[in-house]
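Please open the model in your viewer and keep the sequence panel beside it, since each stop on this tour begins with a selection.

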Amino acid sequence: MRANRMIQVVGCHAEGEVGDVIVGGVLPPPGATVFEQREAMQRDFDHIRQMLICEPRGSVARHVNLVVPAKRADCVAGAIIMEPTEYPPMSGSNTICLVTVLLETGMVPMVEPETRLRLDMPAGPVDVVAQCRDGKCVSVELT
């Protein structure tokens, strides 16, 4: 079988709510802000959300998050949240999944026992405190 497209997704969930994270194979959409990137993703690249969330690969309970470079200098990364029916500007469970994947894959350096970081989300910056132990993210608090 020949694949036309390879997308790397790390499986994650927050208390059972699926919030997988795309870490490769999808370029950031155009836009001067993460909000503008979210709008471009919804308008011009919705086929990616449909491919990953809709049957036969997904379900109505699956969410997918695209990691994008932060547009703000005070943030370590940005993200676009994709859910079955919408592109919300912010989501607590998806942010928990995103932080867990960023830290546990080494995309963002983990500091034990506590990692503090800021994310560039379409709704605005989100401050995060992650409790970390033995290379694992054990809890995430966000503001």
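Select Gly 19 together with His 63 to begin, because in this predicted model Gly 19 stands opposite His 63 of strand E4. Widening the selection to residues 17–24 and 62–68 brings up strands E3 and E4, which pair in the parallel sense over five bridges.

Now add residues 77–82, which form strand E5, and follow the other pairing of E4: these two strands run in the antiparallel sense, again with a count of five bridges. A convenient pair to label here is Val 68 and Gly 78, since Val 68 stands opposite Gly 78 in E5.

With E4 still selected, ask which of its faces are covered. Both are: Arg 62, Val 64, Leu 66 and Val 68 are buried on one side, and His 63, Asn 65 and Val 67 are buried on the other. The strand as a whole is accordingly described as mostly covered, with seven of its seven residues buried.

Next, pick out Asn 65, whose place is in E4, and ask whether this residue is buried or exposed. Asn 65 counts as buried because its relative accessibility is 1%, and the cut-off for burial is under 20%. Displaying its surroundings, and setting aside residues up to four places away in sequence, you will find that Asn 65 touches Gly 19, Asp 20, Val 21, Ile 22, Ile 80, Ile 81 and Asn 94.

From Asn 94, move on to helix H3, residues 92–104, in which Asn 94 is one of the buried residues. The end C-alpha atoms of H3 are 18 Å apart, which agrees with the 18 Å that its 13 residues should span at 1.5 Å a residue. H3 is mostly covered, as ten of its 13 residues are buried, among them Ser 93, Thr 95, Cys 97 and Leu 98. Beyond the helix, select Gly 106, which follows H3 and has a positive phi, near 85°.

Return to Cys 97 within H3, and show the sulfur atoms of the cysteines. Why does Cys 97 form no bond with Cys 12? The sulfur of Cys 12 is the closest cysteine sulfur to that of Cys 97, but at 3.9 Å it is too far for a bond, because a disulfide requires sulfur atoms within 2.5 Å. Cys 97 is itself buried, with a relative accessible area of 1%.

A search of the whole structure finds zero disulfides. Cys 75, the last selection, is likewise in no disulfide, and the nearest cysteine sulfur, that of Cys 137, is 18 Å away. Cys 75 is also buried, with a relative accessible area of 10%.

Technical notes. Residues numbered from 1 in each chain as written. Predicted model: local features only at pLDDT ≥ 70, side-chain atom pairs only at ≥ 80, totals over all residues. Heavy atoms only, no water. Buried < 20%, exposed > 50% of the residue type's maximum accessible area, 1.4 Å probe, protein only. Helix = DSSP H or I, 4+ residues; strand = E, 2+ residues; numbered from the N terminus. Expected span 1.5 Å × (residues − 1). Contact = heavy atoms within 4.5 Å. Pairing = 2+ DSSP bridges.
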